[in-house]
Amino acid sequence: MTVEVIPIRGLPEVAPGDDLAALILGGIRGGGLGLLDGDVVAITQKVVSKAEGRVMPEGPRGKGDWVRKESRRVVARRGDIVIAETRHGFVCANAGVDASNVVEGFLTLLPEDPDGSAERIRSALADATGAHVAVVITDTFGRPWRTGVVNVAIGCAGLPSVVDLRGTKDGLGRVLEVTIVALADEVAAASGLAMGKSDGIPAVVVRGVRAEAPPSPASALVRPPQEDLFRTSPGQAIRGRLEATAFDDREVPQDLVEEALSAALSAPSSLKVQSTLVSIESSPARRRILGAVDAEMRSVIGAGPVIFIAFVRLLNPGGDSVRG
């Protein structure tokens with residue numbers, strides 16, 4: 001399989017209200033290109049946001065107010081750097097609020113509905129050319145544990161954003177058990193090779209992509225919360241618990257609670273300790289524990305479904321117990 005990434009040149013500066021599909025068609029025709037069945041048109045989020053009027057004045061306090069408005073929750077924070085989840089479910093720097101390639105004093109926000117935007121553009125391109133094409137809207141995201149940004153798909157139409165290979169066989173005949181391919185992200189990353197921040201090329205044609213599944217939106221790429229092992233940074237998790245005033249009604253697997261408490265008990269300390277964690281679940285044992293504490297403590301620990309008790313023994317440097 002051969003994949004080509006073909007720049008669409010000559011697009012003018014996009015302004016609110018512009019017909020982006022018509023501008024892209026003009027660039028394709030002006031460059032002597034054409035659209036073929038199976039082509040994917042990848043478009044940067046910035047021009048989609050501009051066309052849809054998602055350009056806002058920065059405001060007296062910079063972009064911080066817009067970041068808060070666009071955030072569903074803060075995942076991590078360090079100084080001025082904020083990693084936030086948007087209302088779409090994307091986790092990215094500053095909730096996608098960006099000042100690059102926009103007039104001084106203004107910011108762009110992510111499209112309200114990137115999948116809907118992709119479908120409208122795809123439909124217009126297909127109607128105008130008769131070709132069965134797909135559209136991917138891209139943005140640059142950073143990645144945990146990896147330096148640098150890469151284009152990912154935030155909107156998708158006419159293409160499977162994910163291809164589930166579980167149950168199929170690899171090249172050696174072994175059955176794949178966990179492999180799900182983020183095809184739309186792969187297309188977006190490839191498109192970034194022809195889109196530079198300063199090149200003035202906001203759209204490309206990616207040709208030769210093999211789609212072996214039904215179309216699905218980019219929202220399918222958002223990992224469900226219950227499957228997310230890195231949902232919140234440690235610092236943000238601690239801050240959230242300090243601000244909490246009541247227990248949540250969500251069920252939490254007991255092994256996760258025990259793992260968190262064990263991690264807390266093994267935190268670095270100048271003292272040498274030996275700890276044991278015991279869970280109290282039976283009703284008689286709970287009643288005896290709650291009867292032995294004052295009313296304030298009883299109201300706190302009695303609301304939880306399980307009571308955990310940590311027994312900590314201080315040891316002297318030789319490892320002998322000094323007191324329990």
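This report describes a predicted model of a protein, from its overall make-up to selected residues and contacts.

**Overall make-up**

The protein has 324 residues, of which 33% count as buried. Its secondary structure comes to nine helices and 15 strands. Among contacts between residues at least 6 apart in sequence, 62% join residues at least 24 apart. The exposed area of the protein is about 19,600 Å², and carbon and sulfur atoms supply 54% of that area.

**Helix H4**

Helix H4 covers residues 114-129, which makes 16 residues. At 1.5 Å a residue the helix should span 22 Å, and because its end C-alpha atoms are 22 Å apart, the expected and modelled values agree. The buried residues of H4 are Pro-114, Asp-115, Gly-116, Ser-117, Ala-118, Ile-121, Arg-122, Leu-125 and Ala-126. Their packing partners include two helices, H1 (20-30) and H2 (45-51). The buried residues of H4 also pack against strands E2 (40-44), E8 (134-143) and E9 (146-157). Just after the helix, Gly-130 adopts a positive phi of about 80 degrees.

**Salt bridges**

The structure holds 16 salt bridges. Three of them are listed here with their N to O distances.

| Pair | N to O distance |
|---|---|
| Glu-13 and Lys-50 | 2.7 Å |
| Arg-54 and Glu-70 | 3.1 Å |
| Arg-87 and Glu-70 | 3.4 Å |

The side chains of Glu-13 and Lys-50 meet in a salt bridge. This pair links distant parts of the chain, 37 residues apart: Glu-13 is in the loop between strand E1 (4-7) and H1, while Lys-50 is in helix H2. The two partners differ in exposure. Glu-13 counts as exposed because its relative accessibility is 61%, whereas Lys-50, with a relative accessible area of 8%, is buried.

**Glu-70 and its network**

Glu-70 sits in helix H3 (residues 64-70). Is this residue buried or exposed? With a relative accessible area of 5%, Glu-70 is under the 20% cut-off and is therefore buried. Beyond its neighbours within four places in sequence, Glu-70 is in contact with Arg-54, Glu-85, Thr-86, Arg-87, Ala-95, Val-97 and Leu-109.

Two of these contacts, Arg-54 and Arg-87, are also salt-bridge partners of Glu-70. The side chains of Arg-54 and Glu-70 meet in a salt bridge. Here, too, the pair links distant parts of the chain: Arg-54 is in the loop between H2 and strand E3 (55-57), 16 residues from Glu-70 in helix H3. Both Arg-54 and Glu-70 are buried.

The side chain of Arg-87 forms a salt bridge with Glu-70 as well. Arg-87 lies in the loop between strand E5 (81-86) and strand E6 (91-93) and Glu-70 in helix H3, so this pair ties together parts that are 17 residues apart in sequence. At 36% relative accessibility, Arg-87 counts as partly exposed. Salt bridges that share partners join Arg-54, Glu-70, Arg-87 and Glu-112 into one network.

**Cysteines**

How many disulfides does the structure hold? The count is zero. A disulfide is a covalent bond between the sulfur atoms of two cysteines. Among the residues described here, Cys-92 is buried, with a relative accessible area of 5%, and Cys-156 counts as buried at 4% relative accessibility.

**A nonpolar surface patch**

Trp-145, Leu-229 and Phe-230 make up a nonpolar surface patch of about 480 Å². Trp-145 belongs to the loop between E8 and E9. At 70% relative accessibility, Trp-145 is over the 50% cut-off and so counts as exposed.

**Ile-280**

Strand E13 (residues 272-280) contains Ile-280. With a relative accessibility of 14%, Ile-280 counts as buried. Leaving out residues up to four places away in sequence, Ile-280 touches Ala-285, Arg-286, Ile-289, Val-306, Ile-307 and Ile-309. The C-alpha atoms of Ile-280 and Phe-308 are separated by 6.0 Å, although the two residues are 28 residues apart along the chain.

Terms used: Residues are numbered from 1 along each chain as its sequence is written. Side-chain values use heavy atoms; hydrogens and water are left out. Helices (H or I, at least four residues) and strands (E, at least two) are DSSP runs, numbered from the N terminus. The expected span of a helix is 1.5 Å times one less than its number of residues. Buried means under 20% relative accessible area, exposed over 50%, partly exposed in between (1.4 Å probe, protein chains only). Contact means heavy atoms within 4.5 Å. Patches are made of residues with over 30% relative accessible area and no salt bridge: like charges are joined within 9 Å, nonpolar side chains (Val, Leu, Ile, Met, Phe, Trp, Tyr) within 5 Å. Accessible areas come from the Shrake-Rupley method with a 1.4 Å probe; for residues, only the protein chains shown count as cover. A salt bridge is a side-chain nitrogen of Lys or Arg within 4 Å of a carboxyl oxygen of Asp or Glu. A disulfide is a pair of cysteine sulfur atoms within 2.5 Å.
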